[in-house]
Every structure is written in structure tokens, then in C-alpha cells.
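Me: Please take a close look at the pockets of this protein. What lines them, and which parts of the chain contribute to the lining?

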Amino acid sequence: MNNKQLNAARIALEDFAIEIPSWGFADTGTRFGKFFQDASAIDLNDKLADAGHVNRLTGCCPTVAVHVLWDFLPGIDPKSVARLASKHGIKIGSINPNLFQDQEYKWGSLTHRDPAIRQRALAHCKDSIKISQAVGSDLISLWLADGTNYPGQESIRDRKHALTESLQACHAMLGKDQTLLIEYKPFEPAFYATDIADWGMAYIHSKKAGKKAKVLVDTGHHYSGQNIEQIVAFLLDEEMLGGFHFNDRRYADDDLTFGSIDPYQAFRIFHEIHSYGADHGKMPNIAYMIDQSHNEKPKVEATLQTVIMAQELYAKAAIIDHKALRKAQSNHDVVAAELILKEAFFTDVRPAINAWRKKKGLPIDPIAENRRSGYETRAAGDRRRRREELNLSRGGSYA
Ligand code: AFD
Ligand code: MN
Ligand code: MN
């Protein structure tokens, strides 16, 4: 790395923060089952402790995404959750309503043909917004599983109309500085027509909902071969990119650790963001969030791996010479243009990252430090004992 690149990477690392999901530390798995780990978080305090540990080791995960039904159990005071988070050195980040598990939502939630069910779903959104305001979060991250499984099952247009109305009502409940992130997903658990199936539907619903709604891009929510960075560039240019749920995938919404399958695609997504920043003189205000579930890898270690990969790819994309790229593009010098990206992608940015970590007093190798610290071994022992004492059945959070 030359000095210019070192400096660009250092500046990028300074402002890069990525949010970790509370659910990534709990017993999660696939629809075919979960492989339980002793160190899996039992309750919210465990999840926040794990998130705090990841932030202490990496220095770039100051917030944790929470799921309303899984983290804010009935009777829990949201302010106590905020206090618990700060005890672990982090803050509550995006609030994720849950409109996909209650039996009443079998035929949909905000799209349901019965206004009473839509009202019930809106009441949950209202509660989620209240929680966000109580914990000081400005992000409501909404994913709907709504959709149909068979042709002819429902009117696609009627559902679209119902959803528009519901999202407008949800948007009206937001605080002045809050943002509603509307996430799209083409498949699963609806297998014929998901109501918010792609970025275009999310864009249109965001526009109709109101000025505080933006699109959330989950990298696992695309058909294979789809050009995600093109969607990112388009939404950025429309000022409609609210943020990301990062993960990697081979076939579907696999929620694998970020950059484990296709790091070059993740790098190209970051390139579009840095390119936008270079053209506008400042980086866009978007939420970088992780959405993964770790069925085989140890959960804390998988989260560390993801954060480290995200930092590295973000720093690699930061050293691209945008002026040289523009020049190659204007000359239709395809190979030179492509090589500018490849050079950056294959540059070892660890000297910049190590210097940044050293300056912050962080471990140079967070994964090695995590193993040396024995954190997960202690957590496994403590949580195994608590499960036995509480006679806890596996698979759900206790509190
Ligand atoms: C599942 C959904 C979606 C959502 C996440 C958290 O596919 O990505 O954002 O759960 O609720 O992964
Ligand atoms: Mn997601
Ligand atoms: Mn998903």
C-alpha cells in the first residue's frame, strides 16, 4: 500500500461501523433444525454481553439490532434494555418488529384481507416504534414474510393496496428523526408471490409510505446471478438506500458469514458506496447491519469473522483511485478500468487495519484474542449450568 492508499483506508476505517444482530448469538438454525451450542445466548443479557465482547475486540460495532418479540419479552422495560446495553458498552440499534410468527398472520399481516388483522399488525408496529423511542433508536427495520403460495390464492393488487395503506399508517407513527427501513425478499416463506419481493416494490412502497421510508438491501435476498451492486448504485442515486443486512449465500437466503462465498461481490457493493462518496464529497448516511444465523460456526467467532471481513472489504474499496477510474472509463479502456478495481481488491490492507487497531488499543487479531481470552469457553460453561438449573428446553430464548 502507498501512503495515499494507507490514508484512504485509515479514513474509511475511522468512520466504518457495522451493527450486529442480537439473534446471531441465540439458538438459530434452519427450518430443518438447529444444532445447539453450549455457548449460545440464553437471554437478552447474554446476547448483549456477546455483542459487547465483539465490539470490545473490533472497535466498530457500537450498536446491536434487536428483535421486538425475541428480546423485549412481555413486561420488560425498554429503558432497562438500553441500560443493560450500555453496561456492555454498546447501544440498541435498529428495532425489528416481528409480523411473521403469530398464528393470526397465516394469511398475511399488513397485507391481510381482514382489516382487524392489519390493525393488529399496525399495533405491533406502533409498540415497536414506542420501544425504539424509549431506547433512543432511530431505525425501524421492517421485514414482512407476507405473500402467497399458489396462483390464484389472493389478488396481488388488492394486497398491494392494503400494504400501501398499512405502511402509510406505520410511517405516520414515526418520530421526526426516525427512518422506516423496508426490506424486500423474493422468496421464503412465501413461495409463489411475496408482497415485497424485490427492490422495485420496496422502492415504490417506501415512496408511497413517506419521506422517512427507505429501502433495506439484504444481500441474501436476491436471485442467483442478480447484480446487487447495480441495485445499490441505483438506490444510492435516488437517495433511497436506507441500509443493508449483510450475509453471504450460495443458493438462497443462507445467512452465511459475510464474504465467505463471494467477497468480490461484497467489495463491489462497497465500491459503489465509496464511488458515490467520492462524487458527492461525503459518504451516504446508510445503516450497515449484519443479519446472519450461525448453525455450525461458534456464534461469537462467526460474528467476529463477519465484522473483520466487512472492515477489510470496506477498506479495500476505499483505496480505489476514482479519478483514474473515471479516466479509464472516459477512454473506454475496459481493461484498465477493471484492473483498477482488481488492484484494490487484491491489495493487502492489513497494514492499514493493523495500524488502526494499534492506535485504538485493539487486538491486531480479534479472533485469536477471542480464543486466547477463553470468553466462549466460559460462556459455554456458565450457560450450560444455567440451562440445567433452569431446566430449560432448547430452541428458544428464555428471557
Ligand atoms: C430473516 C428474514 C429477513 C429478516 C431477518 C430478521 O429473511 O432477512 O431481516 O430474518 O428478522 O433472515
Ligand atoms: Mn434481513
Ligand atoms: Mn433473510
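Reply: What follows describes the two largest pockets and then turns briefly to the cysteines. The model is a predicted one, and its largest pocket encloses about 1,500 Å³ of space. Among the 49 residues that line this pocket, Thr28, Gly29, Thr30, Asp255 and Ser293 are the closest to its centre. Helix 3, spanning 68-71, and strand 4, spanning 139-143, each contribute at least two residues to the lining of the largest pocket, and that lining as a whole is made up of 16 nonpolar, 19 polar and 14 charged residues.

The second largest pocket has a volume of about 770 Å³, and of the 34 residues that line it, Leu139, Gly242, Asn285, Ile286 and Ala287 lie nearest its centre. At least two lining residues come from each of strand 3 (91-96), strand 9 (241-246) and strand 10 (287-290), with strand 3 giving the largest share, four residues. By residue class, the lining of the second largest pocket comprises 16 nonpolar, eight polar and ten charged residues.

As for the cysteines, a search of the whole structure finds zero disulfides. Cys61 is not bonded to Cys60, which holds the closest cysteine sulfur, because the two sulfurs are 4.1 Å apart, too far for a bond; Cys61 is also buried, with a relative accessible area of 0%. Likewise, the sulfur of Cys125 has its closest cysteine sulfur in Cys170, at 4.0 Å, which is too far for a bond, and Cys125 counts as buried at 2% relative accessibility.

Key:
Residues are numbered from 1 along each chain as its sequence is written. Chains are lettered from A and ligands numbered from 1 in the order in which they are written. This is a predicted model: local features need pLDDT of at least 70, side-chain atom pairs count only at pLDDT 80 or more; totals for chains, interfaces and linings use all residues. Side-chain values use heavy atoms; hydrogens and water are left out. On a 1 Å grid over the protein atoms alone, a cavity is a set of points where a 1.4 Å probe fits but cannot get out, and a pocket is an open set with protein on both sides within 12 Å along at least five of seven lines; lining residues have an atom within 4 Å of a point. Grid points are joined across faces, edges and corners, and a volume is the space filled by probe spheres set on the points. Ala, Val, Leu, Ile, Met, Phe, Trp, Tyr, Cys and Pro count as nonpolar, Asp, Glu, Lys and Arg as charged, and the others, Gly among them, as polar. A disulfide is a pair of cysteine sulfur atoms within 2.5 Å. Buried means under 20% relative accessible area, exposed over 50%, partly exposed in between (1.4 Å probe, protein chains only).
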